[in-house]
Amino acid sequence: MGERMMRAVEIGEPGGPEVLRAVTRPVPEPGHGEVLIRVAYAGVNRPDALQRAGAYAPPPGASDLPGLEAAGEIAAVGPGVAGLSEGDRVCALLPGGGYADYAVTPAAHCLLVPAGMGLDAAACLPETVFTVWSNVFMRGGLEAGERFLVHGGSSGIGTTAIQLARAFGARVFATAGSEEKCAACLRLGAERAIDYRAEDFVEVLKSEGGANVILDMVGGDYIARNLKALAEEGRLVQIAFLQGPKAEINFAPLMMKRQTITGSTLRPQSDLAKARIAEGLRAHVWPLIEAGRIAPVMDSEFALEEAAAAHARMESSAHIGKIVLRAAGG
Ligand SMILES: NC(=O)c1ccc[n+]([C@@H]2O[C@H](COP(=O)([O-])OP(=O)(O)OC[C@H]3O[C@@H](n4cnc5c(N)ncnc54)[C@H](OP(=O)(O)O)[C@@H]3O)[C@@H](O)[C@H]2O)c1
């Protein structure tokens, strides 16, 4: 019998959205502890664009295809998998390979699709909830009543961070690049949205007593400004550097105000570390989603073959929330 084939989108060579091309690839096989997902929808994330540009290589052993999250039905289970079976509807964090009709991932990185949620919305969950839960709560230690500032509040990450922080009782401040994006942040539960083109977030936060936790993806001159906007004992959590990773900083106030700078990226972490984040999500976040208190914000949907157009939209920064690709099961 010949190999089963599927549609996929690969990165022809490092470059702009146009290097994404539709191809046919063998359907992958689930290894020990892994499942094969028939992808209905795959989420599109900034790190995919970085990978496409040649700046974010897949970790060893991961698929070379882009795509860090997907939702669909389990099509096969590998040896040693307990608790999941064929036909289960899951959304999952992937090591790569989401831009395809089928993808494999460790069973421990799958979460059951919340009751009543469509697979398109479910595909928007994993990358942002894993990132926000691990960085804002596990790493940043955000607590109820604290002031939380998220930059890029209308991004996929930002829209999730606002809702989660609000649901856990924090006071939420968000920056975004337009009036429309600020309005979206307010609708999601931010008490104050700051249009960074018109206002200085440092002044706004200082007038409130400073931020206890800041989630930043901008970097560059935001690094020094974030430290000024942080309260005593404040935690700055860095998840990307859209404006560059270098800055000249006076660290003396950090010592006087007992502040912490930290950060992480999800993808290179061990399977076990990701499984632990998934456990936290099942226990603390899934009940909020099932209760309808948190829902992904969806911007747009593209066919799998239109991945280049999806990337162009994301890189135009015109979007609010998440972009998904529709695959075989969608
Ligand atoms: N560390 C991790 O594990 C991890 C995981 C996932 C994502 N990330 C990072 O988190 C960020 C958000 O990801 P996403 O998928 O949610 O992307 P996204 O929806 O495209 O969000 C990026 C946002 O950043 C703002 N932005 C873009 N370029 C900027 C620039 N040069 N300076 C300032 N702001 C800029 C845009 O909003 P405005 O129009 O308001 O500027 C945009 O909404 C990305 O940088 C991504 O690489 C990190």
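Here is a quick tour of the domains, one helix pair and the ligand surroundings in this predicted model.

Residues are numbered from 1 along each chain as its sequence is written. Because the model is predicted, local features need pLDDT of at least 70 and side-chain atom pairs count only at pLDDT 80 or more, while totals for chains, interfaces and linings use all residues.

Let's start with the domains, whose bounds come from an automatic or database domain assignment. The chain splits into domain 1 (5-125 + 267-326) and domain 2 (129-263). Their C-alpha centres sit 26 Å apart. Across the boundary, 17 residues of domain 1 are in contact (C-beta atoms, placed from the backbone, within 7 Å) with 15 residues of domain 2. On the domain 1 side, helix 9 gives the largest share, six residues.

Helix 9 (residues 271-290) also pairs with helix 3: their axes (lines fitted to C-alpha atoms over the stretch in contact, with angles from 0 to 180 degrees between N-to-C directions) come within 10 Å and cross at roughly 85 degrees. Helices here are DSSP runs of H or I, at least four residues, numbered from the N terminus. Helix 3 brings Val-129, Phe-130, Trp-133, Ser-134 and Met-138 to this contact, and helix 9 brings residues including Lys-274 and Ile-277.

Now the ligand: among the 24 residues around it (C-beta within 6 Å), Arg-46, Ser-155, Gly-156, Gly-177 and Ala-240 come nearest. Each domain, 1 and 2, supplies at least three residues of this shell. Three helices each supply at least two residues:

| Helix | Residues | Shell residues supplied |
|---|---|---|
| Helix 1 | 46-52 | at least two |
| Helix 3 | 126-139 | at least two |
| Helix 4 | 156-167 | at least two |

Conventions. Two residues are in contact if their C-beta atoms, placed from the backbone, lie within 7 Å.
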